[in-house]
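Subject: Handing over the structure, with notes

Hello,

As agreed, I am passing the structure on to you, together with some notes on what turned up when it was examined. Please have a look at the sequence and the model before you read on.

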Amino acid sequence: MDRRGTKRRGENIEVAEPRNKLPGPAPSMPTDPALYSGPFPFYRRPSELGCFSLDAQRQYHGDAQALRYYSPPPTNGQGPNFDLRDGYPDRYQPRDEEIREGLDHLLRWLLDHRGQLEGHKLLKWWAQSFLLGIPNVVAGFRNPEGFICSLKTFPTMEMFEYVRNDRDGWNPSVCMNFCAAFLSFAQNTVVQDDPRLVYLFSWEPGSPVTVSKHQDAPYAFLPTWYVEAMTQDLPSPPKTPSPKN
């Protein structure tokens with residue numbers, strides 16, 4: 001018998017706490033789908049406030065000048081016969097993974113336009129498209145050689161019909177009720193306004209949603225330039241007059 005192996009099994013292994021984790025009770029939120037099975041909650045379709053774009057060098061543009069649009073091929077006759085490998089070696093420009101862009105582009109647009117601001121695959125497609133108000137998703141089906149041989153358009157509001165009778169399918173009402181409950185949970189949990197403080201929400205299958213608080217790196221994501229720009233020259237909140245005796 002290996003004595004060293006026996007000794008290791010007898011040791012107490014301690015898991016280190018994440019860096020900068022703040023002490024305090026850890027609230028949680030249940031994730032059982034049965035708790036969110038009910039009428040579909042109220043949801044207002046989003047409207048576009050503006051856009052920004054990145055060119056081939058990933059340079060920021062505060063408008064749509066670098067956007068490229070999808071133009072569907074003719075649906076009559078044979079399939080589109082796309083070759084997914086065509087142009088990949090000579091025209092594909094890989095992203096520099098050493099540069100962590102984070103939310104910089106989105107935050108820059110928000111900063112530039114803050115005066116305008118008031119106040120399964122189908123499941124993923126539905127969640128991403130429904131919340132953004134995208135009416136249709138065009139899916140391309142490829143063969144083993146990498147050629148797109150057919151296209152199919154999925155109306156976002158009809159995606160659930162494909163899994164309605166599937167015992168293991170998903171239900172949009174459960175999804176949106178859970179979304180509404182999570183947003184309410186997050187709103188009641190995130191109560192401290194501090195750009196250096198991060199509330200980290202976590203979830204593992206079969207477990208509730210948990211949250212922990214962390215200070216600064218590596219979780220903080222708002223760049224200093226954005227925080228300083230948003231906080232400078234802001235008017236002080238009005239003082240509430242004290243009641244007179």
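The notes below go from the whole chain to its sheets, and then to particular residues.

Please keep in mind throughout that this is a predicted model. The protein chain has 245 residues, of which 20% are buried, and it contains six helices and eight strands. If you follow the chain along the sequence, these elements come in the pattern α-β-β-β-β-α-α-α-β-β-α-β-β-α. The chain exposes about 19900 Å² of surface, and 53% of that area is supplied by carbon and sulfur atoms.

**The sheets**

Before you look at the strands, it may help to recall that strands of a sheet pair through backbone hydrogen bonds, in either a parallel or an antiparallel way.

One open sheet is built from three strands in the order S1-S8-S7, and its pairing is antiparallel. Its edges are strand S1 (28-29) and strand S7 (197-202), each of which pairs on one side only. Between S7 and strand S8 (residues 209-215) there are six bridges, again in the antiparallel sense, and if you would like one pair to find on the screen, Ser202 has Thr210 in S8 as its bridge partner.

Another open sheet of three strands has the order S4-S6-S5, also with antiparallel pairing. Here S4 and strand S5 (136-142) are the edge strands, and because each has a single partner strand, one side of each is left without a neighbour in the sheet. S5 is joined to strand S6 (residues 147-155) by seven bridges, the two running antiparallel; in this pairing, Phe141 has Ser150 in S6 as its bridge partner.

**A nonpolar patch on the surface**

Strand S4 (residues 82-83) includes Phe82, which is partly exposed, with a relative accessible area of 35%. Phe82 belongs to a nonpolar patch on the surface, where it is joined by Tyr70, Leu84, Val138 and Leu151, and together these residues have about 450 Å² of accessible area.

**Salt bridges**

Side chains of opposite charge can pair when their charged atoms come close. How many salt bridges does the structure hold? There are five, and three of the pairs are described here in turn.

Glu101 and Arg95 meet through their side chains in a salt bridge, at 3.6 Å from N to O. The two partners sit in unlike surroundings, since Glu101 is buried, with a relative accessible area of 13%, whereas Arg95 is partly exposed at 39%. Both also take part in a network of salt bridges that links them with Arg58.

Glu161 and Arg164 form another such pair, with 2.8 Å from N to O. Glu161 counts as partly exposed at 47% relative accessibility, and Arg164 counts as partly exposed as well, at 45%.

Asp216 forms a salt bridge with Arg196, and the closest N and O atoms of this pair are 2.7 Å apart. Asp216 lies in the loop between S8 and helix H6 (224-231), while Arg196 lies in the loop between helix H5 (172-189) and S7, so the pair ties together parts that are 20 residues apart in sequence. Asp216 is partly exposed, with a relative accessible area of 26%, and Arg196 is partly exposed at 46%.

**Thr31 and its contacts**

Is Thr31 buried or exposed? Thr31, which is found in the loop between S1 and strand S2 (53-54), is buried, with a relative accessible area of 19%, and the cut-off for that word is under 20%. The side chain of Thr31 makes a polar contact with the side chain of Trp203, at 3.4 Å, and a polar atom of the Thr31 side chain lies 2.8 Å from the backbone oxygen of Ser207.

**The cysteines**

How many disulfides are found in the whole structure? The search finds zero. For Cys175, the closest cysteine sulfur is that of Cys179, and because the two sulfurs are 9.2 Å apart, they are too far from each other for a bond; a disulfide would need them within 2.5 Å. Cys175 counts as partly exposed at 24% relative accessibility, and Cys51 is partly exposed too, with a relative accessible area of 26%.

With best wishes

Technical notes: Residues numbered from 1 in each chain as written. Predicted model: local features only at pLDDT ≥ 70, side-chain atom pairs only at ≥ 80, totals over all residues. Heavy atoms only, no water. Patch = residues over 30% accessible without salt bridge, like charges linked within 9 Å, V, L, I, M, F, W, Y side chains within 5 Å. Areas by Shrake-Rupley, 256 points an atom, 1.4 Å probe, with all protein chains shown as cover. Salt bridge = Lys/Arg side-chain N within 4 Å of Asp/Glu carboxyl O. Helix = DSSP H or I, 4+ residues; strand = E, 2+ residues; numbered from the N terminus. Buried < 20%, exposed > 50% of the residue type's maximum accessible area, 1.4 Å probe, protein only. Pairing = 2+ DSSP bridges. Polar contact = N/O pair within 3.5 Å; in protein donor to acceptor, adjacent residues only side chain to side chain.
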